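Here is a short tour of one protein chain. Keep the structure in view and find each residue as it comes up.

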Amino acid sequence: MPAVSDTSPILGLSAIGLLNLLKSQFETVFIPQAVLDELKVETNFRGTSVIQEALKDGWLEPHQVQNKPLAQALSLELDKGESEAIALAVDLKIEMLVMDESIGRERARAMGLQTVGVLGILLNAKKHKQIKSIKKVMESLKQEVG
């Protein structure tokens, strides 16, 4: 099942070397242009090489938002990446949105989308024995990205 993602889950998981969890759980993860811009893949931030590889491999796939009025309306409350991620999920009729921001998740659920954050990704990974300790991963996330 494919998903659409906002910026922070990708940045966080890539910073701790676990971006592959998104691929294993969703196969394809679509991102809008605003998220691609926020990822700053042309820089040397921690984890950007993993993001570049995911883009090259094609499982992390940039896609243009078609419903610009929806994205613009959502941007009254949310940042551009979150707004475009929700609009892209609606455009592509993809039910799963990967996002940590609580207000964004509320807006997405109100539009009939399912949401999961990094903690949900980690819980699923633990269930499938892809990671040993959620606590250690969360500590790594806190250390790397705050």
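Start on the surface of this predicted model. Leu119, Leu123 and Met138 form a nonpolar patch there. Together they offer about 260 Å² of accessible area. Look at Met138, which lies in helix H9, residues 134–145. Its relative accessibility is 34%, so Met138 counts as partly exposed. The limits for that class are 20% and 50%.

**The nonpolar cores**

Now go inside. In soluble globular proteins, nonpolar side chains tend to be buried together. The largest nonpolar core here has 29 residues. Which of them touch the most other members? They are Ile10, Leu22, Phe26 and Leu122.

Many elements feed this core with two or more residues each. The helices are H1 (7–15), H2 (20–26), H3 (33–39), H4 (48–57), H8 (118–127) and H9. The strands are E2 (29–31) and E4 (96–98). Helix H8 gives the most, with four residues.

Take Leu22 as an example. Set aside its neighbours within four places in sequence. Leu22 is then in contact with Ile10, Leu13, Glu27, Val29, Trp59, Val98 and Ile121. Apart from the largest core lies another one, of 17 residues. Among its members are Leu74, Ala87, Ala89 and Met99.

**A buried glutamine**

Is Gln25 buried or exposed? Gln25 is found in helix H2. Its relative accessible area is 17%, under the 20% limit, so Gln25 counts as buried. What does Gln25 touch, not counting residues up to four places away in sequence? The list is Met1, Ile121, Asn124, Ala125 and Gln130. Ile121 also appears among the contacts of Leu22.

**Salt bridges**

Side chains of opposite charge can pair when their charged atoms come close. The count of salt bridges in this model comes to two. In one, the side chains of Glu77 and Arg107 meet, at 2.7 Å from N to O. This pair links distant parts of the chain, 30 residues apart. Glu77 sits in the loop between helix H5 (68–74) and helix H6 (80–92). Arg107 belongs to helix H7, residues 102–110.

In the other bridge, Arg107 meets Glu106, at 3.6 Å from N to O. What joins Glu77, Glu106 and Arg107 into one network? Salt bridges that share partners do.

How open are these side chains? Glu77 has a relative accessible area of 47%, so it is partly exposed. Glu106, at 41%, is partly exposed. Arg107, at 26%, also counts as partly exposed.

**Two lysines with positive phi**

Finally, turn to the backbone. Lys93 has a positive phi, near 55 degrees, and is a residue other than glycine. Lys129 has a positive phi too, of about 60 degrees, although it is not a glycine. The table sets out both.

| Residue | Phi | Place | Relative accessible area |
|---|---|---|---|
| Lys93 | near 55 degrees | loop between H6 and E4 | 73% |
| Lys129 | about 60 degrees | loop between H8 and H9 | 73% |

Why does Lys93 count as exposed? Its relative accessibility is 73%, and exposed means over 50%. Lys129 is exposed as well, with a relative accessible area of 73%.

To close, return to helix H8. This helix gives four residues to the largest core, and the loop that holds Lys129 runs between H8 and H9.

Technical notes
Residues numbered from 1 in each chain as written. Predicted model: local features only at pLDDT ≥ 70, side-chain atom pairs only at ≥ 80, totals over all residues. Heavy atoms only, no water. Patch = residues over 30% accessible without salt bridge, like charges linked within 9 Å, V, L, I, M, F, W, Y side chains within 5 Å. Areas by Shrake-Rupley, 256 points an atom, 1.4 Å probe, with all protein chains shown as cover. Salt bridge = Lys/Arg side-chain N within 4 Å of Asp/Glu carboxyl O. Buried < 20%, exposed > 50% of the residue type's maximum accessible area, 1.4 Å probe, protein only. Core = buried A, V, L, I, M, F, W, Y, C linked by side-chain atoms within 4.5 Å. Contact = heavy atoms within 4.5 Å.
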